[in-house]
Number of protein chains: 2
Amino acid sequence: MLQASDMSKRAVILLSGGLDSATVLAMAAEQGYACYTLSFDYGQRHAGELAAAARIADKAGVREHKVLHLGLDAIGGSALTDAAIAVPDHPSDGIPVTYVPARNTIFLSCALGWAEVLGARHIFIGVNAVDYSGYPDCRLEYIQAFQAMADLATKAGVEGEKTVIHTPLIELSKSGIIQQGARLGIDYASTVSCYRADDRGRACGRCEACRLRREGFLAAGEDDPTVYQH
Amino acid sequence: MLQASDMSKRAVILLSGGLDSATVLAMAAEQGYACYTLSFDYGQRHAGELAAAARIADKAGVREHKVLHLGLDAIGGSALTDAAIAVPDHPSDGIPVTYVPARNTIFLSCALGWAEVLGARHIFIGVNAVDYSGYPDCRLEYIQAFQAMADLATKAGVEGEKTVIHTPLIELSKSGIIQQGARLGIDYASTVSCYRADDRGRACGRCEACRLRREGFLAAGEDDPTVYQH
């Protein structure tokens, strides 16, 4: 049986299959956490992202990789979950149509539940306030409010055991993230950032996520290994 | 097209199929909200609860009733979602095994997402701090922390539009809830509270939820219409 001291180094890592969360996983592993990765099958447009997450978790040798089914497509309201809303080529003013209502809140809540079952006291999420595209649930003040809520939400919290939300990318630029990942030896060819990737994970090269990613590699001075559809 | 003033009276009601949430729905409807009910198929032990929720929503004439699939059984950790953990007949000290890790947080987060898609500014949940059986996520301080987080989590929040979490039962006893419901004409025979109900929604009569419910009807001086298995 695991000792409490071993369990306290367990961490749940939210893993989307994209560049950011792959970097977060490598950072958590480097810091000595026993990593449990969590992905969501939430009606997102393509399966390439989930396949990428499974590959990344496998390469990183995580303790367990779990895919949770979540019927967010029943709610809709985003270009990522509702086929009737098109993914735009160019950024709009304000919060974009690729914003999925309350997505990070739902993902963090599920991570909190799994952390409690595992006895894990750490959750990692790759939110980023610099290139955050105007998503409200990527800001530090939001994460701090989630932390305060989490401290009261669980059995662990009632017993005085904090479950810490780690956001190691929150103040990094895309190129800063890529530099971290390059240092940790991440194979970014395995990751999928594109909103319109095909089922093999190949990128469209035109959406906002593709643009941010390409500019990031350029600014970081790293080769861009992204596989494009065209 | 709906005017903003109409949309502001839309409310998402978390509806489990139990006595408490059925009462909350009737209270919200009485207050003039346009009700959108949300239930979860989350790997709970019996389908009787979901069938009850659908019946209750139908009788109340809600605008829309939605069932969201949520694979919480993949996480386990509770007698309600893990077949390997038995539902006990008697209450234990502290937080019971029927506690589902982070359940209310996950449910409220999904409600927040749907509210944002609907343009609804109200969410109702039937948490109750009196008969709450030691669940951490039924306490007022938890709800207040969720509210503070929700204010920062969404597009509506960023635009200064609060989505209010209503907890009309939080300080009522079970008998107080039943008295409210009786006044509003709820047919409690349609509701299922039992942790071990069969697929027809018939109660075991022995678990903690059955005990609280039976005592509630007795204390309220109302007939108990619960259908038992034996």
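**Entry 1: Thr23(B)**

I looked up Thr23(B) in this predicted model and counted 27 C-beta neighbours inside 10 Å; the threshold for a buried residue is 20 or more, so Thr23(B) counts as buried. I located Thr23(B) in helix α2 of chain B, which covers residues 19-30. I then listed its contacts, leaving aside neighbours within four places in sequence: they are Gly126(B), Leu169(B), Ile177(B), Gln180(B), Gly181(B) and Ile186(B). For one of these partners, Ile177(B), I noted a separation of 154 residues in sequence from Thr23(B), against a C-alpha to C-alpha distance of 7.1 Å.

**Entry 2: α2 and α7 in chain A**

I turned to chain A and examined helix α2 (residues 19-30) with helix α7 (residues 174-183). Their axes come within 9 Å and cross at roughly 45°. That angle makes α2(A) oblique to α7(A). I recorded the crossing of α2(A) and α7(A) as left-handed. On the α2(A) side I found Leu19(A), Asp20(A), Ala22(A), Thr23(A), Ala26(A) and Met27(A), which meet Ile177(A), Gln180(A) and Gly181(A) of α7(A). By class, the residues of this contact divide into 5 nonpolar, 3 polar and 1 charged.

**Entry 3: Ala102 in both chains**

I checked the backbone of Ala102(A) and found phi near 60°, a positive value in a residue other than glycine. Ala102(A) sits in the loop between β3 and α4 of chain A. With 29 C-beta neighbours inside 10 Å, Ala102(A) counts as buried.

I repeated the check in chain B. Ala102(B) has a positive phi of about 60°, although it is not a glycine. I placed Ala102(B) in the loop between β3 (64-69) and α4 (103-118) of chain B. Ala102(B) counts as buried, because 29 C-beta neighbours lie inside 10 Å.

**Entry 4: the nonpolar core**

I looked up the largest nonpolar core and found 130 residues in it. Those with the most contacts inside this core are Val12, Ile13 and Ala111 of chain A, together with Val12, Ile13 and Ala111 of chain B. I followed Val12(A) further: not counting residues up to four places away in sequence, Val12(A) touches Tyr36(A), Leu38(A), Ala111(A), Trp114(A), Ala115(A), Leu118(A), Ala120(A) and Ile123(A).

**Entry 5: the contact between the chains**

I noted that the contact takes 37 residues from chain A and 37 residues from chain B. On the side of chain A that touches chain B, the elements giving two or more residues are β3 (64-69), α4 (103-118), α5 (140-153) and α6 (155-158) of chain A. α4(A) gives the most to this side, with 9 residues. I sorted this side of chain A by class and obtained 23 nonpolar, 9 polar and 5 charged residues.

Note on methods
Residues are numbered from 1 along each chain as its sequence is written. Chains are lettered from A and ligands numbered from 1 in the order in which they are written. This is a predicted model: local features need pLDDT of at least 70, side-chain atom pairs count only at pLDDT 80 or more; totals for chains, interfaces and linings use all residues. A nonpolar core is a set of buried Ala, Val, Leu, Ile, Met, Phe, Trp, Tyr and Cys residues joined through C-beta atoms within 7 Å. A residue is buried if 20 or more other C-beta atoms lie within 10 Å of its own, exposed if 12 or fewer, and partly exposed in between; C-beta atoms are placed from the backbone. Two residues are in contact if their C-beta atoms, placed from the backbone, lie within 7 Å. Helices (H or I, at least four residues) and strands (E, at least two) are DSSP runs, numbered from the N terminus. Ala, Val, Leu, Ile, Met, Phe, Trp, Tyr, Cys and Pro count as nonpolar, Asp, Glu, Lys and Arg as charged, and the others, Gly among them, as polar. Axes are lines fitted to C-alpha atoms, for helices over the stretch in contact, and angles run from 0 to 180 degrees between N-to-C directions. Angles under 35 degrees count as roughly parallel, over 145 as roughly antiparallel, 65 to 115 as roughly perpendicular and the rest as oblique. A crossing is left-handed if the near helix is turned anticlockwise from the far one by less than a right angle, and right-handed if clockwise.
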